[in-house]
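Visitor: I have a structure open and would like to learn how to read it feature by feature. Can you walk me through it?

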Amino acid sequence: MEAEDRLVRVIPVHYTNALEPNIHLHQYPLLTRPLEVPPSAAASGKRIRARLKPKVKRLEVHVPVDTRPEVWNGERSRDLGSARVEDDKEKNQEEPKVKQREGEEPRLSEVRLRSEQVPQIGVYVLGILREGRLHLMPISETHQFRPTLTYMDMHLRKTRRTRGDDSDEDDGPPPDPDEPAPIPAPKKEKKPAGEAKEVQVAVRKTAESQGLQFQGGMTQIRRDMLTLMHQEEDEQWDEYEYFEGEAAEANEAFESVFSTSFEELECKSDITSLLKNVPGL
């Protein structure tokens with residue numbers, strides 16, 4: 001051992017799974033960290049909320065937005081809020097009724113962060129160095145959170161219906177005035193219509209699978225994806241209370257992850273038996 005690699009300190013390691021499988025690693029976008037309620041929203045009594053679909057392991061965190069006039073467009077929030085209500089109804093994602101004044105229009109008053117579970121390769125652990133001891137806790141799930149913007153699609157569809165345009169095609173960016181106008185494409189001659197064919201597509205629920213069975217020209221992968229989407233939409237949300245990092249409940253949960261046992265363990269295996277149990281050696 002060289003002088004630069006000399007042993008400086010020995011740190012005891014404590015491994016505990018007291019909260020397993022409840023320790024998750026949540027990764028949030030940079031613009032939403034830390035998760036805090038803006039002062040303007042906190043003054044009106046709004047708080048961060050959370051909900052979960054346990055079967056599909058889908059999490060949502062709802063963070064109130066800053067509604068000050070200088071940073072928030074009230075008219076735009078009414079348009080998008082109405083689109084979100086319709087989008088929730090279409091996807092069977094309606095929230096419990098929120099108290100509103102009579103005649104008041106829904107508003108976009110929060111950012112919804114929805115999770116995507118990240119596969120874990122190997123074992124993930126959370127390590128905390130405290131009072132000269134390294135405490136390790138296993139992480140059961142890892143989730144990445146992103147803002148949900150599906151209400152924008154609903155708003156676009158409503159706008160197109162208002163204009164009388166039902167097309168879903170995007171016209172693309174406006175033409176560059178400095179460029180010459182494109183030559184119109186020659187009209188194609190209409191070909192005589194061929195023999196019409198009838199295609200039948202049926203959607204029904206079966207008792208065997210308790211899900212949706214699709215028939216028609218769809219691949220098995222697409223059918224499986226549609227089935228999973230319908231199962232997720234049909235599952236009900238479980239509401240959870242969210243506590244910020246400095247709350248008493250959060251501090252209590254933090255203290256519970258540390259091991260309270262200081263019993264020294266004796267290793268009864270040697271290096272030979274250890275290497276024999278390593279696959280591939």
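Guide: Here is a short tour, from the whole chain down to single side chains. Keep in mind that this is a predicted model.

Visitor: Let's start broad. How many helices and strands does the protein chain have?

Guide: The protein chain has six helices and eleven strands. Of its 281 residues, 22% count as buried. The chain exposes about 22700 Å², and carbon and sulfur atoms supply 53% of that area. For contacts between residues at least 6 apart in sequence, 72% join residues at least 24 apart.

Visitor: On to the sheets. What should I have in mind when I look at one?

Guide: In general, the strands of a sheet pair through backbone hydrogen bonds, and the pairing is either parallel or antiparallel. Here, six strands make an open sheet with mixed pairing, in the order 2-8-5-4-3-11. Strand 2 (24–27) and strand 11 (238–241) are the edge strands, each pairing on one side only. From one strand to the next, the twist averages 25°.

Visitor: How many bridges join strand 3 to strand 11?

Guide: Four, and strand 3 (residues 49–53) and strand 11 run antiparallel. To find the register, pick Ala 50: its bridge partner in strand 11 is Tyr 240.

Visitor: There is another sheet. In what order do strands 1, 6 and 7 come there?

Guide: The order is 1-7-6, in an open sheet of three strands with mixed pairing. Strand 1 (13–15) and strand 6 (124–130) each have a single partner strand, so one side of each lacks a neighbour in the sheet. The twist averages 25° from one strand to the next here.

Visitor: Which way do the pairs in that sheet run, parallel or antiparallel?

Guide: You get one of each kind. Strand 6 and strand 7 (residues 133–139) run antiparallel, joined by seven bridges, while strand 1 and strand 7 run parallel, joined by three bridges. For landmarks, Leu 126 stands opposite Met 137 in strand 7, and Val 13 stands opposite Leu 134 in strand 7.

Visitor: And the turn in the hairpin of strand 6 and strand 7, how many residues lie between the strands?

Guide: Two residues, and Glu 131 takes a positive phi near 55° in this hairpin. Arg 130 stands opposite Arg 133 in strand 7.

Visitor: Now side chains. How many salt bridges does a search of the whole structure find?

Guide: It finds 14. The test is a side-chain nitrogen of Lys or Arg within 4 Å of a carboxyl oxygen of Asp or Glu. Arg 47 and Glu 241 pass, with their closest N and O atoms 3.9 Å apart. That pair links distant parts of the chain: Arg 47 is in the loop between helix 1 (39–43) and strand 3, Glu 241 is in strand 11, and they are 194 residues apart. Arg 47 is partly exposed at 49% relative accessible area, whereas Glu 241 counts as exposed at 54%.

Visitor: What about Glu 110 and Arg 49, what do their side chains form?

Guide: They meet in a salt bridge, at 3.0 Å from N to O. Glu 110 lies in strand 5 (residues 110–118) and Arg 49 in strand 3, so the pair ties together parts 61 residues apart in sequence. Glu 110 is buried, with a relative accessible area of 12%, and Arg 49 is partly exposed, at 30%. Salt bridges with shared partners join Arg 49, Asp 88, Glu 110 and Arg 112 into one network.

Visitor: Thr 148 caught my eye. Is it buried or exposed?

Guide: Buried, because its relative accessibility is 16% and the cut-off is under 20%. Thr 148 sits in the loop between strand 8 (141–147) and helix 3 (150–163). Beyond its neighbours within four places in sequence, Thr 148 is in contact with Arg 84, Arg 112 and Arg 114.

Visitor: Which residues does Arg 78 touch, beyond those up to four places away in sequence?

Guide: Glu 105, Pro 106 and Arg 107. Arg 78 is in helix 2 (residues 74–90). Arg 78 and Pro 106 are 28 residues apart in sequence, with their C-alpha atoms 6.1 Å apart.

Visitor: Last one: which residues form a nonpolar patch on the surface?

Guide: Ile 271, Leu 274, Leu 275, Val 278 and Leu 281, with about 510 Å² of accessible area together. Leu 275 is in helix 6 (residues 271–276) and counts as partly exposed, at 45% relative accessibility.

How values were computed:
Residues numbered from 1 in each chain as written. Predicted model: local features only at pLDDT ≥ 70, side-chain atom pairs only at ≥ 80, totals over all residues. Heavy atoms only, no water. Patch = residues over 30% accessible without salt bridge, like charges linked within 9 Å, V, L, I, M, F, W, Y side chains within 5 Å. Areas by Shrake-Rupley, 256 points an atom, 1.4 Å probe, with all protein chains shown as cover. Buried < 20%, exposed > 50% of the residue type's maximum accessible area, 1.4 Å probe, protein only. Pairing = 2+ DSSP bridges. Axes fitted to C-alpha atoms, helices over the stretch in contact; angles between N-to-C directions. Contact = heavy atoms within 4.5 Å.
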